[in-house]
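Student: Hi! I have a new structure open and I don't know where to begin. Could you walk me through it?

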Amino acid sequence: MHIQESHADVQTTVEGKETSMRIFVFHPTIPQYPNARFPGVVLFSEIYQVTGPVARFARQIAGQGYIVAAPSSYHDFTGPEALAYDVPGTDKGNEWKITKTLQSYDVDSSKTVDYLLSLPTCSGLIGTTGMCLGGHLALRASLDPRISACVSFFATDVHSRTLGPYTAADTSVEGPGGDSNHTIDRLGEIKGEVAMIFGIKDTHVPDAGRDLIRAKLRGAGAVFSFYEFAWAQHAFIRDELSKGRYDPAVTKICFEALLELFGRCLKTDLGPRDAKPEKVEHFC
């Protein structure tokens, strides 16, 4: 399937501050079918914005028949250009990640979904995916009931409640209580299906952190799959400057999991989900 690449600049307003967010668009095309319609996928990037590896990942998804929209997350602070995979770029990305507010992240997500749904070539079904920071943002975007499917790669800061401005990490089961706006405390709002993907050797999300995310998803009654790969580290799907962590074999398996979930939930008209528990027979 062919791909047309473009971008759209969308205005966002948070707490009275207006900024322009660039959305990079990867649109599948089929010759002689100008009115073909496709599901949409919001692709959230790692802390470096839309880099070469992120764009290549977007093209792979678009080539399977999805309109991929990749927003530039740090428009509050800088332009849409990608940060370098070096120490200054990493420092900026990590600083902006916790300076940007949860409200701003949520507005970005909602505006990107709005954009996809405004396209006459979009079928109306939307999924999310992303890696690192983007893995968290993909999961958080699923709090929007318009999201039918999410594939989250090694999501950071979910287990520690450290996305956006914070005072101290909180890895407790119960969390801060009250009306917590942390993603992990709102998982019960998810209406779609989720796939969480991690490497067991990921130093950013340790064993206890992954266990907490899994337990919170189960406790929230979410429909989810949870994948852990024995030798995979953080950023194992990044095929450039991954500091020796890129694992193409595991990445291929994960992409197949993404295609299975998106194909079932976004390319099939499933209708509303029956809330009655499924009775599963116990067979040998």
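Tutor: Happy to; we can go through some helices, charged pairs, a pocket and a few loop residues. Keep in mind that this is a predicted model.

Student: Good to know. Let's take α6, then: how many residues does it have, and how far does it reach?

Tutor: Helix α6 covers residues 248-266, which is 19 residues. From its first C-alpha to its last it reaches 26 Å, close to the 27 Å expected at 1.5 Å a residue.

Student: And which residues of α6 are buried?

Tutor: They are Val250, Thr251, Cys254, Phe255, Ala257, Leu258, Leu259, Leu261, Phe262, Cys265 and Leu266.

Student: What do those buried residues pack against?

Tutor: One helix and several strands. The helix is α1 (52-62), and the strands are β3 (38-44), β5 (122-131), β6 (147-153), β7 (193-199) and β8 (223-229).

Student: What caps the N-terminal end of α6?

Tutor: Aspartate 247 does that. One of its side-chain oxygens lies 3.2 Å from the backbone nitrogen of alanine 249.

Student: Okay, now α5. What should I look at there?

Tutor: Helix α5 runs over residues 207-219, so to speak a 13-residue helix, and it reaches 18 Å from first C-alpha to last, close to the 18 Å expected. Its buried residues are Gly209, Arg210, Leu212, Ile213, Arg214, Lys216 and Leu217, and they pack against β7 and β8.

Student: What follows α5?

Tutor: Glycine 221 follows α5, and its phi is positive, near 75°.

Student: I noticed arginines in that buried list. Which residues are they linked with through salt bridges?

Tutor: Arg210 and Arg214 belong to a network of salt bridges together with Asp207, Asp211 and Glu228. Side chains of opposite charge can pair when their charged atoms come close.

Student: How many salt bridges are there in the model?

Tutor: The count comes to 21. One of them joins aspartate 239 and arginine 56, with the closest N and O atoms 2.9 Å apart. That pair links distant parts of the chain: aspartate 239 sits in the loop between β8 and α6, arginine 56 is in helix α1, and they are 183 residues apart.

Student: Are those two buried, exposed or partly exposed?

Tutor: Aspartate 239 is partly exposed, with a relative accessible area of 36%. Arginine 56 is partly exposed as well, at 32%.

Student: Which salt bridges does arginine 161 form?

Tutor: Arginine 161 meets aspartate 170 in a salt bridge at 3.6 Å, N to O. It also forms a salt bridge with aspartate 185, where the closest N and O atoms are 2.8 Å apart. Arginine 161 and aspartate 185 both lie in the loop between β6 and β7, so the pair ties together parts that are 24 residues apart in sequence.

Student: Why does arginine 161 count as buried?

Tutor: Because its relative accessibility is 2%, and buried means under 20%. Its partner aspartate 185 is partly exposed, at 24%.

Student: Switching topic: what lines the largest pocket?

Tutor: The lining has 17 residues, and Ser148, Lys191, Leu270, Gly271 and Arg273 lie nearest the centre. β6 and α6 each supply at least two residues of that lining. The space in the pocket is about 420 Å³.

Student: Back to phi. Which residues have a positive phi although they are not glycine?

Tutor: Glutamate 15, at about 50°, and glutamine 32, at about 75°, are among them. Most residues other than glycine have a negative phi.

Student: Where are those two?

Tutor: Glutamate 15 is in the loop between β1 (2-14) and β2 (17-29). Glutamine 32 is in the loop between β2 and β3. Glutamate 15 counts as exposed, at 67% relative accessibility, and glutamine 32 also counts as exposed, at 79%.

Student: Last one: where is serine 72, and what is it in contact with?

Tutor: Serine 72 lies in the loop between β4 (67-71) and α2 (87-99). With 1% relative accessibility, it counts as buried. Leaving aside neighbours within four places in sequence, serine 72 is in contact with Met21, Arg22, Phe24, Gln49 and Pro80.

Notes. Residues are numbered from 1 along each chain as its sequence is written. This is a predicted model: local features need pLDDT of at least 70, side-chain atom pairs count only at pLDDT 80 or more; totals for chains, interfaces and linings use all residues. Side-chain values use heavy atoms; hydrogens and water are left out. Helices (H or I, at least four residues) and strands (E, at least two) are DSSP runs, numbered from the N terminus. The expected span of a helix is 1.5 Å times one less than its number of residues. Buried means under 20% relative accessible area, exposed over 50%, partly exposed in between (1.4 Å probe, protein chains only). Contact means heavy atoms within 4.5 Å. A polar contact is a pair of N or O atoms within 3.5 Å; within protein, one must be able to donate a hydrogen and the other to accept it, and residues adjacent in sequence count only if both atoms are side-chain atoms. A salt bridge is a side-chain nitrogen of Lys or Arg within 4 Å of a carboxyl oxygen of Asp or Glu. On a 1 Å grid over the protein atoms alone, a cavity is a set of points where a 1.4 Å probe fits but cannot get out, and a pocket is an open set with protein on both sides within 12 Å along at least five of seven lines; lining residues have an atom within 4 Å of a point. Grid points are joined across faces, edges and corners, and a volume is the space filled by probe spheres set on the points.
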